[in-house]
Amino acid sequence: MKSLSGTRPVRPRAALAALAGAQFAVMLATSVVNVALPRIQSGVGLSDAVAPWVVNAYGLAFGALLLAGGRAADLLGRRLALLAGLTVFGAASLTAGLAPSAGPLIAARAVQGAGAALVAPAALALVMDLFPPGPGRGRALGVWGAVSAAGAAAGVLLGGLLTQLLGWAWIFHTVAFGTALVAGAVAASVPRVPAGAPGRFDLLGTAAVTSALTALVWGLTAARRTGWSAPQALAAFTFAAVLLVAFVRVERRHSAPLLPPRLLTTGTVAAGNVLMALLGSVWIALFFFLPLYQQQVLGYGPLVTGLGQLPLAAATMLGSALAPRLTRRPGSSLTVGAALLTEAAGLLWLARIRADGGYAVDVLGPAVLIGLGLGAAFVQLTALAMAGVPRADAGLAGGLVNTTRQVGGAIGLAVLTTLAGSVTAHAATGRPDPEALTAGYRTAFAVSAVLLALTAALVPALVRRRAVPGAAPRTGTGPSPH
């Protein structure tokens, strides 16, 4: 393949491997801390109220800055943005592992999230650049989905393994070392692609939407801890609403808006993002509740809990790999609907967990079913959210689909943890026992299943048969919505 910059040949497989490595690192950092959090809490003296911010600081910065990161990649050049993001991400990871106390650790995690917000949309946009619409792009997105699933599950496994064998600091040192390797691979294999979007950066719009998303995620985090009617949560939601209104007004008047209206009316971008937000609301909650059930009810340690995620990861990778083939005949609409219903069936099965159960009986079968549906749905929704997008806006579109997944996940997790907590509190006579905890987890999984079934019902109305400029023909893969 000829270089996109016209200077040297491109090795698509090597470039895809490097870009997938960048996505793997971002997903790994999202989940690697979850299992290790109790050890981190004791290691740096975190209080119960502060400890969740080791996780929240990353997610908050990542979700709030994705739109800005996507547009920066379009304006500055995606390869440059990707390398800059990896540098920030890796340096912050190293700093987190060396942090002597709570403040530096949480600050490093926030900076790590900011670096990830530059990495994720730039890497996805480069994949879209390197692989034009058709079977090749479908296979590339299948790899992308498989790697995303592998990264999320590997974070739980690696977090448990390293924490138990070497100590919690090594989860961050390992991420830093891996990021350095990925940055070297990107520099060697990914071609220099010229910036695709002429114009200036929308500073006012960026400030408004970033502040709004920060306030929204902050409010959701506060609601999980103190309740939806708590003053800090209500204040954050009000502030977010005001800023979102201000953002819309700014975008209407700006000559080069951060989120141009044309993007949301292109192809199936709007439909893909709505559906991705709904999928994200269940996805992130799944990886939150399932390890808790394994540890708090089944009594597994960090390492065994991490190993228990492998079948889910393998099934998700398989679903991602099969998605491009599955969609060739029935089309994206039927494939997405079937994938969502498959995942819903797995979650409904998981809602039958017992306090005196076991992994093989209660978790293994549902995890495989959930993984197959999740992998196929993620690949197809990513393709729908990027279908027909002009090259100049590919970075922004990548940032948008990641934003909707993150924000949807934050909302879903806040709602589901509130429901699970209320059920557990009602079922417990004193300190929550395994039976009460299991009742809460069952509620979370059952509500997740219902939400995905409703999402599947929305697919035909949102994803209509329409011609997308530059999309693959019906015999192609994901980017051609049918």
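D74 and R71 are joined by a salt bridge in which the closest N and O atoms are 3.2 Å apart, a salt bridge being a side-chain nitrogen of Lys or Arg within 4 Å of a carboxyl oxygen of Asp or Glu. This is a predicted model, in which local features need pLDDT of at least 70 and side-chain atom pairs count only at pLDDT 80 or more, while totals for chains, interfaces and linings use all residues. Residues are numbered from 1 along each chain as its sequence is written, and side-chain values use heavy atoms, with hydrogens and water left out.

The two partners of this salt bridge belong to one helix: D74 and R71 are three residues apart in helix α3 (residues 53-76), so about one helical turn separates them. Helices here are DSSP runs of H or I with at least four residues, strands are runs of E with at least two, and both are numbered from the N terminus. D74 is buried, with a relative accessible area of 0%, and R71, at 7% relative accessibility, also counts as buried. In these descriptions buried means under 20% relative accessible area, exposed means over 50%, and partly exposed covers what lies in between, as found with a 1.4 Å probe and protein chains only.

D74 has a further partner in R78, whose side chain meets that of D74 in a salt bridge of 2.7 Å, N to O, and both D74 and R78 are buried. Elsewhere, D393 forms a salt bridge with R262, with the closest N and O atoms 3.0 Å apart. D393 lies in the loop between α16 (364-386) and α17 (394-427), whereas R262 lies in helix α10 (residues 261-264), so this pair ties together parts that are 131 residues apart in sequence. The two ends of the D393 and R262 bridge sit in unlike surroundings, since D393 is buried at 2% relative accessibility while R262 is partly exposed, with a relative accessible area of 47%. These residues do not stand apart from one another, for R71, D74, R78, D129, R262 and D393 are linked in a network of salt bridges, and the structure as a whole holds six salt bridges.

From charged side chains we turn to nonpolar ones. Which residues touch the most other members of the largest nonpolar core? They are L19, L82, L286 and F445, out of the 108 residues in that core, where a nonpolar core is a set of buried Ala, Val, Leu, Ile, Met, Phe, Trp, Tyr and Cys residues joined through side-chain atoms within 4.5 Å. Helix α11 (residues 269-297) gives the most to this core, contributing 14 residues. If its neighbours within four places in sequence are left aside, F445 is in contact with L286, F289, L290, L347, L350, A351 and I353, contact meaning heavy atoms within 4.5 Å. There is also a second, separate core of 19 residues, which includes A36, L105, A108 and F172.

F445 also takes part in the aromatic pairs, of which the structure holds seven; rings of Phe, Tyr and Trp (its six-membered ring) pair if their centres lie within 6.5 Å, and planes under 30 degrees apart count as stacked, over 60 as edge-to-face and the rest as tilted. F288 and F289 form an edge-to-face pair, 5.2 Å centre to centre with 85° between the planes; F288 is partly exposed, with a relative accessible area of 28%, whereas F289 is buried at 3% relative accessibility. F289 and F445 form another edge-to-face pair, 6.4 Å centre to centre with 80° between the planes. This second pair links distant parts of the chain, with F289 in helix α11 and F445 in helix α18, 156 residues apart. Together, F288, F289, Y441 and F445 form one aromatic cluster.

Another residue of helix α18 (residues 434-462) is T455, which counts as buried at 1% relative accessibility. Leaving aside its neighbours within four places in sequence, T455 is in contact with L275, L278 and L340.

Finally, the whole chain can be considered. The protein has 18 helices and zero strands, and buried residues make up 58% of its 482 residues. Its C-alpha atoms fill a box of roughly 65 × 50 × 45 Å, taken along the principal axes. Among the contacts with a separation of 6 or more, 83% are between residues 24 or more positions apart.
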